[in-house]
Amino acid sequence: MKNALVARILNRVADFLELKEETFRAKAYRRAAHTIQLLPTDIEEYAKKRKLTELPGIGKNIAEKIEEILETGQLSYLEELEKEYPIDMDSLLAIEGIGPRTIKILYEKLKIKNLQDLEYHAQKGNLQKIKGIGEKKEKRILQSIKFVRSTLGRRLLAYAAPIAEYIKSRIEEHPKTEKVKIAGSIRRGKETIGDIDILTTTKNPKEIIDYFTSLEIADEIIAKGPKKAIIRLEDGLECELRIFKEDEFGAALLYFTGSMEFNVELRRLARSKSMKLNEYGLYKNSKRIASKTEKEIFKALGLEYIQPELRENNGEIEAALQGKLPTLVREDQIKGDLHIHSIWSDGTETIETLAKAAESLGYEYIAITDHSSSLKIVGGLDEEKLQRQIEEIDKLNSKVHVFKGIEVNIRLDGQLDIPDDILSRLDIVIASIHSPGREDMTERILSAIQNKHVHIIGHPTGRKLFRREEYPLNLDRIFEEAADNGKIFEMNANPIRLDLKDIYIKKAIEYGCKLAINSDAHRLPDLHNIKWGVKTARRGWATSEDIINTMNLKQIKKILKNNSSGVRAS
């Protein structure tokens, strides 16, 4: 499956085109890459059937580029661009506040080609010679370089999980394989992934190892033994396959799912009961008493079954001993999406198209929440434009209920950029920060919480994985104030945000806050982001009762009405 490779190369072409200020062409490549990245099926199947141009955003020219990538693993057009600008785009684009145009200036003025060059010139104070980069921004760049170095080699969950599923499906195709499971941090739903772990059972280990290491997705064989092999994929991600006997599989799955901290605590519990636990089973007096399934091992230890997402040694073992584990929210319980952008701001689809897509997902309702007026760069809505959108929604004939909403910007002074009398006409108001600074932004969010027209605080900590750390915030104050005012926190399911993150979800719930798992969709494929939000919510111990959009239409209308009155969501 070469979806990830194709998307990565097309995105890189887009980066270079932005650097060359060919904005329109860059957007075209970016759209095509996004389509392929979220494609649930193998892009090669479309190529074989000559149906690439049937995919959204892929025309004849880009289709030809995709065919070249699939055939050769490379793209000659990208190589030409890289010769023109010999720059390490991956590392430089990872730095907060640096985009393709800034990279071009840095290259032309200071010959900066990579992270090392950037760090050298930042430490020397040379970046301040560039227009738009002052002392503060230079310091932020140095901080961002340190942050980026700490994340090197990791991938987004939404990027790695589909690759793991593809490899799993290929192993399952072999007639000699029996059970096949993805383990490790992917199974736990961790937001970023270091590598892929897959376990299987078979009576023909050598044959399966040979088959695994010969997969076309393998770029290099790192290790190959009788029951274990590691391959490196084309993008550098590593995948490890381990083979176990059927009567060992439960213990192996438990061990290799992790986390390490969870495993250590589980082994300590076993020792306290005069038992021994390892990847082959649970033993009492040298006799193996449980190993075939995880459930039987947990039961033998006196524990409720602990869902993989909870296995972080964050109190779950104690809760399992007491029979107090939560019943975690499931994706099939989500009845609507309360944060969606349309062509009225920076989305790509009409409201009618979005409503039909929501109907196909089985939703009862959606909210159209385009950006507000101060975000000119994304075509934010002013009062006149918002009124016209309201009228369009009122005329819409849809089986899915469409809430009239907006995503307003929280200004530097904590005020919203749409007047209250306009907000009062809307069903739902999401308040978000889109102009972050490094100063503490607690007061800005508290001010939004105190506005009676605000329902939801959007992507509350502002983080972007691999790009930007979270804002400085006093979350205890924020959660307490939100609970008192009946405000809801978003669990933004955009794979690069996943904001709130798991530990903050747990804390928000402890304060009595409610959450909404939203896709923040800008294109139709983005609607499927919800699954990553559910994964993260599960890691945060969230139940369906904690998530407002597990409620039906009648219930959600009541929640939104009470929310505007400052009543606790319940």
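Which residue forms a salt bridge with Asp 15? The legends below answer this and describe further close-up views of a predicted model.

**Figure 1. A salt bridge between helices α1 and α2.** Asp 15 pairs with Arg 30 in a salt bridge, and the closest N and O atoms of the two are 3.0 Å apart. Asp 15 belongs to helix α1 (residues 3-19) and Arg 30 to helix α2 (residues 23-37), so the pair ties together parts that are 15 residues apart in sequence. Asp 15 is buried, at 6% relative accessibility, whereas Arg 30 is partly exposed, at 26%. Asp 15 and Arg 30 also belong to a network of salt bridges that includes Arg 12 and Glu 18. In the whole structure, a search finds 40 salt bridges. Side chains of opposite charge can pair when their charged atoms come close.

**Figure 2. A salt bridge between a loop and helix α4.** Here the side chains of Glu 67 and Arg 50 form a salt bridge, at 3.0 Å from N to O. Glu 67 is part of helix α4 (residues 60-72), while Arg 50 sits in the loop between α3 (43-48) and α4, so the pair ties together parts that are 17 residues apart in sequence. Glu 67 is partly exposed, with a relative accessibility of 29%; Arg 50, at 62%, is exposed.

**Figure 3. A salt bridge within helix α17.** Glu 352 and Lys 356 meet through their side chains, with an N to O distance of 3.7 Å. Both residues lie in helix α17 (residues 351-360), four residues apart, and are therefore separated by about one helical turn. Glu 352 counts as partly exposed at 42% relative accessibility, and Lys 356 counts as exposed at 53%.

**Figure 4. The largest nonpolar core, viewed around Ile 167.** This core has 95 residues, of which Ile 167, Ile 196, Ile 366 and Phe 489 touch the most other members. Helix α10 (residues 157-173) gives the most to the core, with ten residues. When residues up to four places away in sequence are not counted, the contacts of Ile 167 include Ile 196, Phe 212, Leu 233 and Cys 239. Cys 239 is buried, with a relative accessible area of 0%. A second, separate core has 53 residues, among them Leu 17, Ala 33, Leu 93 and Ile 103. In soluble globular proteins, nonpolar side chains tend to be buried together.

**Figure 5. Edge-to-face pairs of aromatic rings.** A pair of aromatic rings is described by the distance of the centres and the angle of the planes. The count of aromatic pairs in the model comes to nine. One of them joins Phe 298 and Tyr 305 edge-to-face, at 5.5 Å centre to centre and with 85° between the planes. Phe 298 is buried, with a relative accessible area of 1%, but Tyr 305 is partly exposed at 26% relative accessibility. Phe 479 and Phe 489 are likewise edge-to-face: their centres are 5.0 Å apart and their planes stand at 90°. This pair links helix α21 (residues 475-485), which holds Phe 479, with strand β16 (residues 488-492), which holds Phe 489. Both phenylalanines are buried.

**Figure 6. A ring cluster and two lysines over rings.** Ring pairs join Phe 244, Tyr 255, Phe 256 and Tyr 280 in a cluster. Lys 111 lies over the face of Tyr 107, at 5.3 Å from the ring centre. Lys 295 lies over the face of Tyr 305, at 5.7 Å from the ring centre.

How values were computed. Residues are numbered from 1 along each chain as its sequence is written. This is a predicted model: local features need pLDDT of at least 70, side-chain atom pairs count only at pLDDT 80 or more; totals for chains, interfaces and linings use all residues. Side-chain values use heavy atoms; hydrogens and water are left out. A salt bridge is a side-chain nitrogen of Lys or Arg within 4 Å of a carboxyl oxygen of Asp or Glu. Helices (H or I, at least four residues) and strands (E, at least two) are DSSP runs, numbered from the N terminus. Buried means under 20% relative accessible area, exposed over 50%, partly exposed in between (1.4 Å probe, protein chains only). A nonpolar core is a set of buried Ala, Val, Leu, Ile, Met, Phe, Trp, Tyr and Cys residues joined through side-chain atoms within 4.5 Å. Contact means heavy atoms within 4.5 Å. Rings of Phe, Tyr and Trp (its six-membered ring) pair if their centres lie within 6.5 Å; planes under 30 degrees apart count as stacked, over 60 as edge-to-face and the rest as tilted. A charge sits over a ring if NZ of Lys or CZ of Arg is within 6 Å of the ring centre and within 35 degrees of the ring normal.
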